[in-house]
Structures are given as C-alpha cells and as structure tokens.
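Subject: Structure for you to look at

Hi there,

Here is the structure I promised to pass on, together with some notes on what turned up in it. Could you have a look at it alongside the text below?

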Amino acid sequence: MPTRWADDDAYGHANNVVYYAWFDTTVNGWLMQATGTDVRRLPAIGLVAETSCRYLAPVGFPDELEIGLSVERLGGRSVTYRLAVFRAGWEAPVALGRFVHVYVDAQSRRPVAVPDLVRAAVSALST
C-alpha cells in the first residue's frame, strides 16, 4: 500500500488518523476479496466498534507499506482483527493495530450474527 503526500502531518510523518484508514481499507478490502462480494450490500454489515494502534516507528510519504491481517477472535456477533503495519521489505512492524467489527442489520442497526459468508472467510483466516 503506498503512502500519500497528504498522509504526512506537520511533524513530517503519517498522521495517527491515517493508520485507522489503512486498517479499515485492509479489513474491508480483504473481506470483499475473500467473500467475493461487496460486504456493504449484505443484509448484515460490520460496524467498527473499537480500534486501537500502537505506534512503534514513524512512516511517511513516499514509504510503501505492507499490512498483515489476522483474526484474534471470531464471536457470535463480532470479529476482532489484529493488524501489523510494515515498511515494505522490513521485518519489524512500525505499528500494531486492533479492529473490531460488530455486525448489525443493515436497516434496523440492531445486533445480529456474523453472516455465514463472512464467518466462512474469517474462519479460514484464523486457521
């Protein structure tokens, strides 16, 4: 994933809020690829209930990044992901993230079970 000129802040590195956009893009991009569908169109959608990031080293434009994704927990109504941000070619991560999707009915926004299609994809990632 390329960093962008606009990702950097006045301190000369990627602003903290940008990491959360990278996490969102990584999780939802992976879900769309793994399920073969646009997850925004499912009857149950994943809303972000919690995110966190531990910053270990700065990155910024024009760094190229690699973002690793794993599943920490697959619950009845939620999925907790772990992410690791790497500068391309580096072994040590520059940031570690946590990202929780809680599934809700797309219309009522009431909690529901993780959709079977999503559960199957996430189960494969967690093994």
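One definition before we start: two strands are taken to pair if DSSP finds at least two bridges between them. Please also keep in mind that this is a predicted model.

**The overall picture**

The protein chain holds two helices and four strands. Starting from the N terminus, these elements follow one another as α-β-β-β-β-α. Along the principal axes, the C-alpha atoms of the protein chain fill a box of roughly 40 × 30 × 25 Å. A compact globule of 127 residues would have a radius of gyration near 14 Å, so the 15 Å of the protein chain agrees with that. Buried residues make up 37% of the 127 in the protein chain. If you take the contacts with a separation of 6 or more, 63% of them join residues 24 or more positions apart.

**The sheet**

The four strands form an open sheet in the order β1-β4-β3-β2, and their pairing is antiparallel. β1 (44-55) and β2 (65-74) are at the edges and have a single partner strand each, so one side of each lacks a neighbour in the sheet. From one strand to the next, the twist averages 25°.

β2 and β3 (residues 78-87) are joined by nine bridges in the antiparallel sense, and the two strands form a hairpin with three residues between them. To find this pairing on your screen, look for I67, which has V85 of β3 opposite. Beside that, E66 has F86 in β3 as its bridge partner. On to the next pair: β3 and β4 also run antiparallel, with eight bridges between them. Here L83 faces G97 in β4.

How much of β3 is covered? Eight of its ten residues are buried, so to speak of β3 as mostly covered is fair. T80 is one residue of strand β3. Its relative accessibility is 5%, and because buried means under 20%, T80 counts as buried. Setting aside neighbours within four places in sequence, T80 has contacts with S70, V71, E72 and R73, and also with R98, F99 and V100.

V102, in strand β4, makes a useful contrast to look at. V102 has a relative accessibility of 26% and therefore counts as partly exposed. Not counting residues up to four places away in sequence, V102 touches I45, G46, L47, A49, R77 and S78. V102 and V114 are twelve residues apart in sequence, and their C-alpha atoms are 8.0 Å apart in space.

**The helices**

β2 and β3 pair over nine bridges, and both of these strands are touched by each helix, as follows. Helix α1 (residues 16-35) packs on the sheet and touches β1, β2, β3 and β4 (95-105), with its direction at about 135° to that of β1. Helix α2 (residues 116-125) packs on the sheet too, where it touches β2, β3 and β4; the direction of α2 makes about 110° with that of β2.

How do the two helices sit relative to each other? α1 and α2 pack at an angle of about 105°, and their axes are 9 Å apart. They are therefore roughly perpendicular to each other. On the α1 side of this contact are W30, L31, A34 and T35, and these meet L117, V118, A121, V122 and L125 of α2. Sorted by type, the residues of this contact are eight nonpolar, one polar and no charged.

**Two spots in the loops**

Which peptide bond is cis? The one from F61 to P62, where omega is near 10°. P62 lies in the loop between β1 and β2.

The other spot is R109, which is not a glycine but has a positive phi of about 65°. R109 belongs to the loop between β4 and α2. With 47% relative accessibility, R109 counts as partly exposed.

Best wishes

Definitions and conventions. Residues are numbered from 1 along each chain as its sequence is written. This is a predicted model: local features need pLDDT of at least 70, side-chain atom pairs count only at pLDDT 80 or more; totals for chains, interfaces and linings use all residues. Side-chain values use heavy atoms; hydrogens and water are left out. Axes are lines fitted to C-alpha atoms, for helices over the stretch in contact, and angles run from 0 to 180 degrees between N-to-C directions. Contact means heavy atoms within 4.5 Å. Buried means under 20% relative accessible area, exposed over 50%, partly exposed in between (1.4 Å probe, protein chains only). Angles under 35 degrees count as roughly parallel, over 145 as roughly antiparallel, 65 to 115 as roughly perpendicular and the rest as oblique. Ala, Val, Leu, Ile, Met, Phe, Trp, Tyr, Cys and Pro count as nonpolar, Asp, Glu, Lys and Arg as charged, and the others, Gly among them, as polar. The radius of gyration is taken over C-alpha atoms; the globule rule is 2.2 Å times the number of residues to the power 0.38.
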